[in-house]
Amino acid sequence: MESKRNSAFFGIKTLKTNGETLRRWLMQKELLEFGFMVMRSADFITFPVKRKLTPAETNELKKKIQGFAIEKMSFTRGDKQPTSLKGALKGKLPEKDFEELVSSFDTLGNIAIIEIPKGLEKKEKIIGEALLATNKSIKTVCKKLGAHKGIYRAEPVKIIAGERNLLATYRESGCVFKVPVGKAFFSPRLATERLRIAKQIKKGEVIGAFFAGVGPFPIVFAKKSEMEAAFAIELNPIAAEFLDENILLNHLEEKVFPVHGDVKKIVPKKFKAFFHRIVMPLPKGAENFLESAMIAAHPKGCIIHFYAFVPTSDPYPATIDLIKKTAKNLGLAMHVLNKKQVRTFSKETMQIVVDFKVKAI
Ligand SMILES: C[S@@+](CC[C@H](N)C(=O)[O-])C[C@H]1O[C@@H](n2cnc3c(N)ncnc32)[C@H](O)[C@@H]1O
């Protein structure tokens, strides 16, 4: 077997407590030798460096950390793992393909979801395998087959490399979710939004989690607030099946109650004047459910978090007007608490959230 040793390096040894300061300094000076294992003992850490330090560098380092030794020594070669998709594809794709390559991707547990531009479709397997090589925790790579589709807002995908598995186990804010990738909507990019709302929830609140999908909003709310209960309403039967499973997985059967069906049919019948807070994460089309939400608002006051896709050029007025009109028609007082961009969607479109309060007059 080929020897894994290489003896042509210098090492800098210091107390482990100085390790991070030394590592940063070596990186900044471009002295750290990559591809070799850092050595550790009970109290000491030794970094491989490219060359002997100059006297000026030695003096500079003396000002940063107390006590270090420079020695000529052997380091074990580490597994050289590329850290970026572009790095992993070097030499595997011609230069011109890099202009088209979309190097950002989402991960859900062990599954990576990437966009493959039309011009690179014939090379998708190479791209998928390169992505697997960048991160050991990625076991499956799939490509998006188009935008979120239909009323269920699922994003169809196709596996292009790795294990043939599309059931992800995803962790967020101390909760765990099973997600059937491609069959139900799920976006890890909304994690901050879920926490933002969870922080506002007061003890004893009863929450309407409309368009619940596999349950991330109500489940994070239940874990991160002192809410009384959340009713999670979802139409897609596959998402609803996983909503049930995720409630059990997180041991929240006493707090999160799944309701399978259509918000428009169920809410006005079963939840009239009921909720202290309602979350409406259906940016494409939630305006059709505004009236149902206001009917379900507790007369003493209800905060509604309303999401919408809007033109970047003029994001808020049309949405706020609609909210005002709907509240007026139902004889409710309304005031806007907060409005903000959640994320950019395209050059012309962005996703916003408007938080507002309605109350019986
Ligand atoms: C954009 S997704 C959001 C899912 C989830 N809240 C999340 O953030 O992962 C919208 C969800 O609303 C569901 N949906 C669409 N129309 C619905 C309706 N009329 N009643 C209940 N759920 C509906 C879709 O199936 C989809 O799961």
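The ligand in this predicted model is surrounded by 20 residues, where a surrounding residue is one with a heavy atom within 4 Å of the ligand. The closest are Ile151, Phe211, Glu234, Asp262 and Val263. This shell divides into 14 nonpolar, three polar and three charged residues; here Ala, Val, Leu, Ile, Met, Phe, Trp, Tyr, Cys and Pro count as nonpolar, Asp, Glu, Lys and Arg as charged, and the others, Gly among them, as polar.

Three atom pairs help to picture how the ligand sits among these neighbours. An oxygen atom of the ligand is 2.6 Å from an N or O atom in the side chain of Glu234. A nitrogen atom of the ligand is 2.8 Å from a polar backbone atom of Phe211, and for Val263 a polar backbone atom is 2.9 Å from a ligand nitrogen. The protein covers 97% of the 590 Å² of accessible area that the ligand has on its own, with areas computed by the Shrake-Rupley method and a 1.4 Å probe.

A word on conventions is useful here. Residues are numbered from 1 along each chain as its sequence is written, and side-chain values use heavy atoms, with hydrogens and water left out. Because the model is predicted, local features need pLDDT of at least 70 and side-chain atom pairs count only at pLDDT 80 or more, while totals for chains, interfaces and linings use all residues.

On a broader scale, the protein is assigned domain 1 (5-76), domain 2 (85-163) and domain 3 (171-360), with bounds that come from an automatic or database domain assignment. The centres of domain 1 and domain 2, taken over C-alpha atoms, are separated by 37 Å.

The loop between β7 (140-144) and β8 (157-162) holds Glu155, and Arg153 lies in this loop too. Strands are DSSP runs of E with at least two residues, helices are runs of H or I with at least four, and both are numbered from the N terminus. Glu155 has a relative accessible area of 17% and is therefore buried, a label for values under 20%, with exposed meaning over 50% and partly exposed in between (1.4 Å probe, protein chains only). Not counting residues up to four places away in sequence, Glu155 touches Ile113, Lys144, Gly146, Ala147, His148 and Gly182, contact meaning heavy atoms within 4.5 Å. Arg153, at 18%, is buried as well.

Backbone angles add another detail. Most residues other than glycine have a negative phi. Phi of Arg153, however, is positive, near 55°. Ser173, in the loop between β9 (167-172) and β10 (175-180), also has a positive phi, near 50°. At 21% relative accessibility, Ser173 counts as partly exposed.

What makes helix α7 (residues 216-224) largely enclosed by the rest of the structure? Seven of its nine residues are buried, so the rest of the structure largely encloses this helix. The buried residues are Pro216, Phe217, Pro218, Ile219, Val220, Phe221 and Ala222. Several of these names return in the surroundings of Arg194, which lies in helix α6 (residues 191-200) and is buried at 1% relative accessibility. Beyond its neighbours within four places in sequence, Arg194 is in contact with Glu172, Phe186, Ser187, Pro188, Pro216, Phe217, Val220 and Phe221. The Arg194 side chain also reaches the backbone oxygen of Ser187 at 2.9 Å, a polar contact (a pair of N or O atoms within 3.5 Å; within protein, one must be able to donate a hydrogen and the other to accept it, and residues adjacent in sequence count only if both atoms are side-chain atoms).
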